[in-house]
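Please open the structure in your viewer and keep the selection tool at hand. The stops below take you from one element to the next, saying at each what to select and what is there.

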Amino acid sequence: MYPVRRCCPLLQRDLAVFCMSSLGTHPKTPGQLKTTASPASQRCHSGSGPSLTVQPKPRESAPRSALHNGVPVCPMGSSSSSRLFSTLAQSLSSAPLPHTHVDPEECEFEQADPEALLRECEEVLRNRPPRPHRDFVRTRASTPHNPQIRVMQWNILAQALGEGKDGFVRCPMDALNWAERKYLILEEILTYRPEILCLQEVDHYYDTFQPVLSRLGYQSSFCPKPCSPCLDVRDNNGPDGCALFFNRQRFQLLCTNHLRLSAMMLKTNQVAIVATLLDRITGRTFCVAVTHLKARSGWEAFRSAQGSHLLQQLKAISSQQGEQPEGVPMVVCGDFNAEPGEEVYRRFLASPLGLDSAYRRLSADGSTEPAYTSWKIRPSGESRATLDYIWYSRGGFSVDGVLSMPSEEQIGPDRLPSYHYPSDHLSLVCDLSFIQEPHRLM
């Protein structure tokens, strides 16, 4: 565990001190900090939280399922007697170990069975109510030679913030117990099996998400905030930040950029990761980014400036990768902490990158965002807002499907987080496919 933070010059250093990646990314300069080619060194760190706490309200046994490319990915059936986490014990149950550097060329990960891991999650969570059921809304069918790319965007709620700073007055502290909440997060990921996973407020990257998801076939990168509020919380697990995971069998990493966002000529505490990937199936190159902009009302102009800086960096990175003037297609995921009426949202919608928001496809007119992506109750009152987005290049991708949002009844009167959902933000999931280029159709 990390001690309580004391403000000192060390914590004000450039993000180069703090940017860490399982890909071996060590940024050197502010702004666009570094580009790292693959392969590179890999860090492994293990650790976890306390023992299981049983909750009073049991789950229903009715199966839930989601389809991806016609394959069921969520057989939420009976629990298994196997103990998959015996092989992942260091990741989820043991004491933290020091960071070690491992060459991925010399390290063969013991691959985990995602179905068995999902059943293990169900077993651990058997005394909690089930997560809200959500259906996929299909907008078009994919083709065998151009399979879909499933993208998940999710602010998972930093453990230190949930327990120590955010003040969710209607959420019992027991519901935030990391020993179970980590399984609830993992269950959500395993239910939808994204090829690309973009997370914010990650403060258990090295001891949970990196080791577990690497055994599920993901390669990843992590960039913490330079002065994370998690460090103000006693017995914290280190700084929170953004993490980007992708299916290493389907995608080849071409380069990674860690960014420290600027606003009004000032370096800020917000970061972004931009990875350039080659899709091994289609042969297409694209960029995917994850970010988390400044929170709180009254900071709208600041967020707009951060968004402007991010768009500039994305344009530069995209143009470096593609032969076309407009560069390669983009997917940009994030908790923007901004409603659709804010200037930063309008900036992205009107960007020269030709971006659109995937979740507008859920609306009847195709141009309205969901009513909420976050719903919480704090001492200041109840807050229901649309803050999270999956942006994509209109000229590069089509949206084939979008995961629906749970209803108010499903969320419940105490809102989020809760015993049945681990974060105050809902996950966003969509299926994208490349728009066929004319020369590829010949």
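Begin by selecting the seven strands of an open sheet, which lie in the order E6-E19-E20-E7-E8-E10-E9 and are joined by mixed pairing; two strands are said to pair if DSSP finds at least two bridges between them. The edge strands, each pairing on one side only, are E6 (136-138) and E9 (218-224). Direction ignored, neighbouring strands of this sheet are turned by 20° against each other on average. Strands here are DSSP runs of E with at least two residues, while helices are runs of H or I with at least four residues, both numbered from the N terminus.

Before you go further, keep in mind that this is a predicted model, in which local features need pLDDT of at least 70 and side-chain atom pairs count only at pLDDT 80 or more, whereas totals for chains, interfaces and linings use all residues. Residues are numbered from 1 along each chain as its sequence is written, and side-chain values use heavy atoms, with hydrogens and water left out.

**Along the sheet**

Select E6 together with E19 (residues 397-403), and you will find an antiparallel pair held over three bridges, in which Val137 stands opposite Val402 of E19. Now add E20 (428-434), which is joined to E19 by five bridges, the two strands running antiparallel; here Phe397 stands opposite Phe434 in E20. On adding E7 (149-155), you will see that five bridges also join E7 to E20, again in antiparallel fashion, and that Asp431 in E20 is the bridge partner of Arg150.

Stay with E20 and show its side chains. Seven of its seven residues are buried, so E20 is largely enclosed by the rest of the structure; buried means under 20% relative accessible area, exposed means over 50%, and partly exposed lies in between, with a 1.4 Å probe and protein chains only. In a regular strand the side chains alternate between the two faces of the sheet. Leu428, Cys430, Leu432 and Phe434 point one way from E20, Val429, Asp431 and Ser433 point the other way, and all are buried.

**Helices on the sheet**

Next select helix H4 (residues 178-192), which lies across E6, E7, E8 (196-202), E19 and E20 and runs at about 160° to E7. Helix H5 (residues 205-214) also packs on the sheet, touching E8, E9 and E10 (241-247), and its direction makes about 160° with that of E9. Axes are lines fitted to C-alpha atoms, for helices over the stretch in contact, and angles run from 0 to 180 degrees between N-to-C directions.

How many of the ten residues of H5 are buried? Ten of the ten are, and the helix is mostly covered; among them are Tyr205, Tyr206, Phe209 and Leu213.

With both helices shown, note that H4 and H5 pack at an angle of about 40°, with their axes 12 Å apart. That makes H4 oblique to H5, since angles under 35 degrees count as roughly parallel, over 145 as roughly antiparallel, 65 to 115 as roughly perpendicular and the rest as oblique. H4 passes H5 in a right-handed crossing, and Trp178, Ile185, Leu186 and Ile189 in H4 meet Thr208, Phe209, Val212 and Leu213 in H5.

Now bring in helix H2 (residues 114-124), whose axis comes within 9 Å of that of H4 and crosses it at roughly 140°. That makes H2 oblique to H4. The residues in contact (heavy atoms within 4.5 Å) include Leu117, Leu118 and Cys121 of H2 and Tyr183, Leu186 and Leu190 of H4.

**A hairpin**

Move on to strands E16 (residues 374-378) and E17 (residues 381-385), which form a hairpin with two residues between them. The two strands pair in the antiparallel sense over five bridges, with Glu382 in E17 as the bridge partner of Ile377. Four of the five residues of E16 are buried, so this strand is largely enclosed by the rest of the structure.

**The whole chain**

Finally, colour the chain by pLDDT, the predictor's confidence in each residue from 0 to 100. The mean is 81, and 73% of the residues reach 70 or more. Over residues 2-22, however, pLDDT stays under 50, and over residues 60-67 it is below 50 as well. Where pLDDT is low, the predicted coordinates should not be read in detail.

Key: Left-handed = near helix turned anticlockwise from the far one by under 90°.
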